Amino acid sequence: MKKTIAVLAGDGIGPEIVAEAVKVLRAVAAAYGHDFIFDEQPVGGAAYDAVGDCLPDATLAACRAADAVLLGAVGGPKWDALSPAQRPERRALLTLRKELGLFANLRPAKVWPCLKDASPLRREIVDAGVDLLVVRELTGGLYFGAHRRAADGRSAVDELPYAVDEIERIARVAFAAAAARRGRVTCVDKANVLATSRLWRETVQRVHDAEHPAVALDFLYVDNAAMQLVRAPGRFDVILTDNLFGDILSDEASQITGSIGMLPSASLRGDGFGLYEPIHGSAPDIAGTGVANPLATILSAALLLRHSFGLAAEADAVEAAVGAALDAGARTADLGGRLGCAAAGAAVCAALHAGRREI
Ligand code: IPM
Ligand code: MG
């Protein structure tokens with residue numbers, strides 16, 4: 001299979017972790033006879049420093065032309081003083097999501113068996129099983145409503161718009177995902193206060209009844225959901241929620257798994273095209289020191305293989321290799337170990353090769 005992957009390393013630890021994921025993808029290409037072309041493009045603060053724009057036109061064009069996008073991270077203190085619209089987070093990430101139509105953000109969070117002790121939760125809670133998927137609406141809601149500051153600077157408004165179509169399409173993604181998992185969707189909202197949440201409830205219920213009646217559906221207020229996530233995370237299969245709540249709950253879910261350095265994400269358009277990135281940020285404090293955990297990015301590459309290229313066996317192999325490397329003791333600093341970023345990537349490549357030999 002011949003495919004082009006736009007590679008946007010970005011800022012902070014971005015280049016280090018993306019380099020390891022690319023190594024793993026090259027190893028997959030070699031082992032399975034694929035031809036992956038990596039089109040590296042600047043993004044974020046690095047692009048701002050180079051050409052004065054966190055999302056240069058050429059980078060966006062390269063993403064549109066590619067079959068999938070692999071992204072590291074953007075942002076850092078160096079660019080905090082830019083105007084809100086020019087900052088890497090909004091100009092690069094949010095614009096990429098909107099321009100590429102990536103409305104469905106999948107954030108799987110599970111506790112790897114050998115990392116149970118890395119979870120801050122009590123062992124009996126973790127033993128009940130933590131394997132959930134946050135399905136976050138990614139191109140609407142609070143992050144894309146109007147942001148206004150009054151002329152006198154003394155008040156501000158952020159609008160939270162949602163339309164039925166936007167809710168329907170993300171609900172369909174969540175129900176389809178649940179049908180392929182444990183068959184349960186929990187819709188998280190704040191319907192006791194927000195009009196948009198009431199629209200979400202009605203719409204999600206309607207899509208459920210008409211299209212996915214076999215999937216179990218329940219609703220939780222977001223404050224309760226945040227509590228249940230640490231009290232009984234095993235109760236969740238698929239969490240369906242809006243842009244803001246999904247942002248917050250996915251960070252919470254990541255901590256349950258032991259480290260935010262383990263969580264991948266897929267941002268999908270609905271036709272197979274997608275952007276894949278770890279859910280963590282650019283970690284400027286450890287950038288350049290070679291200690292970052294590349295596993296979330298490597299696992300994002302596995303999602304890329306599965307969702308954009310339909311290469312399920314290859315994706316399974318990468319995930320199994322990550323598990324095998326962890327089982328063999330590969331631990332970066334965030335997991336209490338001493339392995340560097342490149343060594344962790346090499347451990348996954350070695351496990352990938354060993355796994356191939358066993359087949
Ligand atoms: C994430 C990040 C972004 C978001 C920021 C950097 C804009 O936190 O991908 O979760 O809120 O979507
Ligand atoms: Mg976030």
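Okay, let's start with one face of a helix: Asp57, Ala61, Arg64 and Ala65 are exposed on one side of H3. One thing to keep in mind as we go is that this is a predicted model.

So what about the other face? Helix H3 covers residues 57-65, and its Thr59, Ala62 and Cys63 are buried. Those three sit on the same side of H3, because they span an arc of only 100° around the axis. If you're new to helices, here's the background: an α-helix has 3.6 residues a turn, so residues three or four places apart point the same way.

Which elements do the buried residues of H3 pack against? There are strands in that group, namely E1 (2-10), E2 (35-40) and E3 (68-73), and there are helices too, H2 (45-51) and H4 (88-99).

Let's zoom in on Thr59, which lies in helix H3. Thr59 counts as buried because 24 other C-beta atoms lie within 10 Å, and the cut-off for that label is 20 or more. Leaving aside residues up to four places away in sequence, Thr59 touches Leu8, Gln41, Pro42, Val43 and Ala47. For a sense of scale, take Pro161: it is 102 residues from Thr59 along the chain, and their C-alpha atoms are separated by 29 Å.

Now, helix H4 came up as a packing partner of H3, so let's go there. Pro88 lies in H4. Is Pro88 buried or exposed? Buried, because 27 other C-beta atoms lie within 10 Å. Again not counting residues up to four places away in sequence, Pro88 touches Asp11, Gly44, Gly45, Cys54, Val74, Gly75 and Trp79. And if you measure from Pro88 to Ala73, C-alpha to C-alpha, you get 9.5 Å in space for 15 residues in sequence.

Stay on H4 for a second, since Leu93 lies in that helix as well. Leu93 has 25 C-beta neighbours inside 10 Å, so Leu93 counts as buried. Between Leu93 and Gly140 there are 14 Å, C-alpha to C-alpha, and the two are 47 residues apart in sequence.

Leu93 also takes us to the ligand. Which residues surround ligand 1? They are Glu89, Leu93, Asp247 and Ile279. Sort that shell by class and you find two nonpolar residues, two charged ones and no polar ones.

Okay, let's step back to the whole protein. The domain assignment gives domain 1, made of 1-102 + 281-359, and domain 2, which is 120-256. How far apart are the C-alpha centres of domain 1 and domain 2? They lie 25 Å apart. Where the two meet, domain 1 puts in five residues and domain 2 puts in four residues. On the domain 1 side of that contact, the classes are two nonpolar, one polar and two charged.

Next up, the core. In soluble globular proteins, nonpolar side chains tend to be buried together. Here the largest nonpolar core has 112 residues, and Val24, Leu70, Ala301, Val318 and Val348 have the most contacts inside it. Helix H10 (residues 295-307) gives the largest share of this core, nine residues. And both domains join in: the core draws at least three residues from each of domain 1 and domain 2.

Leu70 is a nice one to click on. Skipping residues up to four places away in sequence, Leu70 touches Ile5, Val7, Val18, Ala21, Tyr276, Ser300, Ala301 and Leu304. Notice that Ala301 turns up in that list, and Ala301 is also among the residues with the most contacts in the core.

Two last stops, both in loops. Ala283 is in the loop between strand E12 (274-278) and H10. Most residues other than glycine have a negative phi, and most peptide bonds are trans. Phi of Ala283, though, is positive, near 40°. Ala283 counts as buried, because 22 other C-beta atoms lie within 10 Å.

The other stop is Arg235, in the loop between helix H8 (222-231) and strand E10 (238-241). Arg235 counts as partly exposed, because there are 15 C-beta neighbours inside 10 Å. Finally, Arg235 and Ala324 are 27 Å apart in space, C-alpha to C-alpha, and 89 residues apart in sequence.

That's my tour, thanks for listening!

Conventions: Residues numbered from 1 in each chain as written. Chains lettered and ligands numbered in written order. Predicted model: local features only at pLDDT ≥ 70, side-chain atom pairs only at ≥ 80, totals over all residues. Near = placed C-beta within 6 Å. Nonpolar A, V, L, I, M, F, W, Y, C, P; charged D, E, K, R; others polar. Domains from an automatic or database assignment. Contact = placed C-beta atoms within 7 Å. Buried ≥ 20, exposed ≤ 12 C-beta atoms within 10 Å, placed from the backbone. Helix = DSSP H or I, 4+ residues; strand = E, 2+ residues; numbered from the N terminus. Arc of directions from axis to C-beta. Core = buried A, V, L, I, M, F, W, Y, C linked by C-beta atoms within 7 Å.
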